[in-house]
Amino acid sequence: MGVGGLDSLNALAEASAAQALALDSTVADAWLARSNILANEQRIAESLIPLQRSIALDPVAVEPRVAYGLGLAQIGRVADGVAAVRRARDLDPQSAMANGVLSYLMILAGEVDSALAIQRKTMALSPGNMLLQQGLGLLYAVAGNRDSSAAAFRRAYELGPDKFDGRANLVFALVLEGRIDRKSTRLNSSHRCISYAVFCLKK
């Protein structure tokens, strides 16, 4: 799909989210959807506002808290991001999403060994989980280990080749292997780590 097609899909999604909020502004998932749209457009600081509404409406939901933590890290507040995701993991200690993003943010905070330990422990609890394998690829990418990252992304692709994030995994593997130019690659994904990773991959 070309850039124009992605922009059209974004516009449609934004209109749908706006309509849902107009009908009922007390639906937490509608605020989360609005935030995802803003994040996909790289309007990260703006995306945090609807996330706050989503969290207030559904305090025990893990996903908006994880997204909020990731968003904080993206605007330079890494320590606050780690704290937010820790709170999300406290709600569900077995959450692959919370553990995966927590380990990713800990890499950004310079806690490489701890981050990889969390990720491997979580993967042992849920073998064959594409998102966790994907997360391992992200960790290695941010840590600067291109070969291990590419191998992890390829394994993630094998675990979910027909999923959108699965195809994104293959793209990132190819970027890391130097087979395609990351500057020519645009991905639009509900998975914020995938959207953000292109800015973290090291040349």
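The following exercises, with worked solutions, concern helix packing and local geometry in a predicted model. Residues are numbered from 1 along each chain as its sequence is written. Local features need pLDDT of at least 70, and side-chain values use heavy atoms, without hydrogens and water.

**Exercise 1.** Determine how the axes of helix H6 (residues 96-108) and helix H7 (residues 112-125) are arranged.

Solution. Step 1: the axes, lines fitted to C-alpha atoms over the stretch in contact, come within 7 Å and cross at roughly 165°. Step 2: angles over 145 degrees count as roughly antiparallel, and H6 and H7 are therefore roughly antiparallel to each other. Step 3: H6 passes H7 in a left-handed crossing (the near helix is turned anticlockwise from the far one by less than a right angle).

**Exercise 2.** Classify the residues of the contact of H6 with H7 as nonpolar, polar or charged.

Solution. Step 1: with contact meaning heavy atoms within 4.5 Å, the participants include Leu102 and Met106 of H6 and Ile118 and Gln119 of H7. Step 2: the contact residues comprise seven nonpolar, six polar and no charged; Gly counts as polar, and Asp, Glu, Lys and Arg as charged.

**Exercise 3.** Compare the expected span of helix H3 (residues 44-57) with the separation of its end C-alpha atoms.

Solution. Step 1: at 1.5 Å a residue, the 14 residues should span 20 Å (1.5 Å times one less than the number of residues). Step 2: the end C-alpha atoms are 21 Å apart, which agrees.

**Exercise 4.** Describe the backbone and accessibility of Gln42.

Solution. Step 1: Gln42 lies in the loop between helix H2 (28-40) and H3. Step 2: its phi is near 65°, a positive value in a residue other than glycine. Step 3: at 37% relative accessibility, Gln42 counts as partly exposed (between 20% and 50%, 1.4 Å probe, protein chains only).

Methods. Predicted model: local features only at pLDDT ≥ 70, side-chain atom pairs only at ≥ 80, totals over all residues. Axes fitted to C-alpha atoms, helices over the stretch in contact; angles between N-to-C directions. Helix = DSSP H or I, 4+ residues; strand = E, 2+ residues; numbered from the N terminus. Parallel < 35°, antiparallel > 145°, perpendicular 65-115°, else oblique.
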